[in-house]
Amino acid sequence: MTKYFSPSKLGFFDDSLKKSYDVAGSWPDDAVEITDVAWQTFLDTPTEGKQLGADSSGEPAWVDIPAPTTDELITEAKENQANLITSAKSEISIWQTELLLGTISDDDKVSLTAWISYINELQALDFSSITDEASYNAFVWPDAPESSS
């Protein structure tokens, strides 16, 4: 059983299934034959910071994981922002009900106000300063108020 590697698909293919791939039109044009030793090597988990890639001859190789793009970093920041807002809204939900019913304590009213301010700070965040990993890691998030839990 011969094994092949496709650098464009970053996948391994078995020649015993080639006819099925050909019928489906999915056998990669760039498939290169690899040894069983090479195939076994790339079944293992890569070392930290590496991923499956291809060398200049199209053979499988462990390559550095590329740094995230600016768009990926901003998307991650926005997801974090949304999660923090959701958590904060969960924190204040009972106080909002108590406020509507007129049963909220003075201490809880102070806490509610602090959490609403925190949510407003989160919603106002500007991620335009995030351009690379260093600026993402240096981004300053507002501090959450003390939790009541």
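User: A helix here is a DSSP run of H or I with at least four residues, numbered from the N terminus. The model is predicted. Which helix holds Q81?

Analyst: Take the DSSP runs in order from the N terminus. The run covering residues 70-101 includes Q81, and that run is helix 3.

User: Is Q81 buried or exposed?

Analyst: The cut-off for buried is under 20% relative accessible area. Q81 has 12%, so Q81 is buried.

User: Which backbone oxygen does the side chain of Q81 reach?

Analyst: Leaving aside neighbours within four places in sequence, Q81 is in contact with L122, Q123, L125, F127 and W141. One of these offers its backbone oxygen to the Q81 side chain, at 2.5 Å. That oxygen belongs to L122.

User: What span should helix 3 have at 1.5 Å a residue?

Analyst: Helix 3 has 32 residues. The expected span is 1.5 Å times one less than the number of residues. The end C-alpha atoms of helix 3 lie 46 Å apart, which agrees with the expected 46 Å.

User: Where is the kink in helix 3 centred?

Analyst: The kink is about 40 degrees. Buried residues of helix 3 include Q81, I85, A88, E91, I92 and W95. The kink is centred on one of them, namely I92.

User: Which helices are included in what covers the buried residues of helix 3?

Analyst: The buried residues include L73, I74 and A77. Their cover in the fold includes two helices, at 106-123 and 133-138. These are helix 4 and helix 5.

User: Which residue just after helix 3 takes a positive phi?

Analyst: Helix 3 covers residues 70-101. Just after it, phi turns positive, at about 75 degrees. The residue is G102.

User: What is the C-alpha separation of I130 and I74?

Analyst: I130 sits in the loop between helix 4 and helix 5. At 1% relative accessibility it counts as buried. Leaving aside neighbours within four places in sequence, its contacts include T70, L73, I74 and A77. I130 and I74 are 56 residues apart along the chain, yet their C-alpha atoms are separated by 6.7 Å.

User: Which strands stand at the edges of the open sheet of three strands?

Analyst: The sheet has the order 2-1-3, with antiparallel pairing. Each edge strand has a single partner, so one side of each is left without a neighbour in the sheet. The edge strands are strand 2 and strand 3.

User: How many bridges pair strand 1 with strand 2?

Analyst: Strand 1 has antiparallel partners in strand 2 and strand 3. With strand 3 there are three bridges. With strand 2, F5 stands opposite F12, and the bridge count is four.

User: Which residue of strand 3 stands opposite Y4?

Analyst: In strand 1, K3 and F5 point one way, Y4 and S6 the other, and all are buried. Strand 1 runs antiparallel to strand 3. Opposite Y4 in strand 3 stands E33.

User: What positive phi does L10 have?

Analyst: Most residues other than glycine have a negative phi. L10 is not a glycine, yet its phi is positive. L10 is in the loop between strand 1 and strand 2, a hairpin with four residues between the strands. It is partly exposed, with a relative accessible area of 41%, and its phi is about 45 degrees.

User: Which residue takes a positive phi in the hairpin of strand 4 and strand 5?

Analyst: Five bridges join these antiparallel strands, residues 50-54 and 60-64. Q51 has V63 as its bridge partner. Five residues lie between the strands, and phi reaches a positive value near 90 degrees at G58.

User: Is D64 buried or exposed?

Analyst: D64 is found in strand 5. The cut-off for exposed is over 50% relative accessible area. D64 has 53%, so D64 is exposed.

User: Which side chain shares a polar contact of 2.6 Å with that of D64?

Analyst: Leaving aside neighbours within four places in sequence, D64 is in contact with G49 and K50. T47 is 17 residues from D64 in sequence, at a C-alpha distance of 9.8 Å. The polar contact of 2.6 Å joins D64 to the side chain of K50.

Conventions:
Residues are numbered from 1 along each chain as its sequence is written. This is a predicted model: local features need pLDDT of at least 70, side-chain atom pairs count only at pLDDT 80 or more; totals for chains, interfaces and linings use all residues. Side-chain values use heavy atoms; hydrogens and water are left out. Buried means under 20% relative accessible area, exposed over 50%, partly exposed in between (1.4 Å probe, protein chains only). Two strands pair if DSSP finds at least two bridges between them. A polar contact is a pair of N or O atoms within 3.5 Å; within protein, one must be able to donate a hydrogen and the other to accept it, and residues adjacent in sequence count only if both atoms are side-chain atoms. Contact means heavy atoms within 4.5 Å. The bend at a residue is the angle between axes fitted to the seven residues ending there and the seven starting there.
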